[in-house]
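Me: I have a model open and would like to go through the terms people use for it. Could you help me check each one against its definition?

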Amino acid sequence: NHPADLEKLQDCRHKIRQAAGTLLSIVSDILDMNKLESGTLEPESVPFDIFTLLMESNHLTEMQAPLYGVTVHVKNPPFPVRRVIGSPTFLRRVLMNLAGNALKYNRRGGRIDLSCDKIEIKGEKAYFTLTCADTGIGMSEDFQKRAFEPFTQESNTARTRYMGTGLGLSIVKEFVSKMGGTIALESQEGVGSRFSLTVPFTIDHVPQEEEKAAKSPVSLAGLHVLLVEDNELNRQIAVFLL
């Protein structure tokens, strides 16, 4: 409607991107909850570097923080164990969901504290206690009792103001539970919230050298790729990206 108004077009594109991101988040949450309830979504068991995963997750939160006017503070102890076996996908989703809430429900000038509080070794298992604390709007004592229930939000305006589904924390709890861990919540209205989770992982004893050799870079120079896609729009997107 406004092809000559570049400022209006830029504003519309910004709103479209925000709406698309919200829609993607809603669809992903509903699909995840459906899979969890039907028992078709289970954690994988693969080797990974948990320290690197934590740093990557924290970095993403730090990148988004200026948009919300908050600061992020990271604190970690020395890691006696970095290589573990478990579900990096589930752990990453849990961390990003908690950090996303800490950003969304914070206030301008607030802060988020992300930390690994404790690493406890018990035989072949390493128990990692991770914390995400914020200085946001907090929760009432009554709401804390049902905060992990599906489709639960404290105020009637939350869905409109914060664009959420009320599924985030219930998905977090299911993911943590399926990894064999526990999660605890402390919160106070007008002060902020603190989530603390403890998750066990099997210690990976495979030497670093063997893994590095297995993941040595492979050159794709001179190769041809056949990409098959039966959706015309997806073909256009794939060609554009390539």
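Reply: Gladly; here are some questions on a helix, a core, a cavity and one aspartate.

Reply: This is a predicted model, in which local features need pLDDT of at least 70, side-chain atom pairs count only at pLDDT 80 or more, and totals for chains, interfaces and linings use all residues. Residues are numbered from 1 along each chain as its sequence is written, and side-chain values use heavy atoms, with hydrogens and water left out.

Me: How do you know that the length of helix H3 agrees with its number of residues?

Reply: Helices (H or I, at least four residues) and strands (E, at least two) are DSSP runs, numbered from the N terminus. The expected span of a helix is 1.5 Å times one less than its number of residues. For the 17 residues of H3 (88-104) that gives 24 Å, and the end C-alpha atoms are 24 Å apart, so the two agree.

Me: Why is Asp 134 called buried?

Reply: Buried means under 20% relative accessible area, exposed over 50%, and partly exposed in between (1.4 Å probe, protein chains only). Asp 134 has 13% relative accessibility, so it counts as buried. This residue lies in strand E5, and its contacts (heavy atoms within 4.5 Å) beyond four places in sequence include Ala 102, Arg 111 and Gly 192.

Me: What makes a set of residues a nonpolar core, and which members touch the most others in the largest one?

Reply: A nonpolar core is a set of buried Ala, Val, Leu, Ile, Met, Phe, Trp, Tyr and Cys residues joined through side-chain atoms within 4.5 Å. The largest has 46 residues, and Ile 50, Leu 91, Leu 98, Phe 128 and Phe 201 touch the most other members. H3 gives the largest share of this core, 7 residues. Leu 91 is among the buried residues of H3, and the residues it touches, leaving out those up to four places away, include Phe 48, Leu 130 and Met 179.

Me: What makes a space a cavity, and how many of 30 Å³ or more are there?

Reply: On a 1 Å grid over the protein atoms alone, a cavity is a set of points where a 1.4 Å probe fits but cannot get out; lining residues have an atom within 4 Å of a point. The search finds 1 cavity of 30 Å³ or more, and the largest has a volume of about 140 Å³. Of its 15 lining residues, those closest to the centre are Leu 54, Asn 58, Leu 95, Leu 114 and Thr 131. Helix H2 supplies the largest share of the lining, 4 residues.

Methods:
On a 1 Å grid over the protein atoms alone, a cavity is a set of points where a 1.4 Å probe fits but cannot get out, and a pocket is an open set with protein on both sides within 12 Å along at least five of seven lines; lining residues have an atom within 4 Å of a point. Grid points are joined across faces, edges and corners, and a volume is the space filled by probe spheres set on the points.
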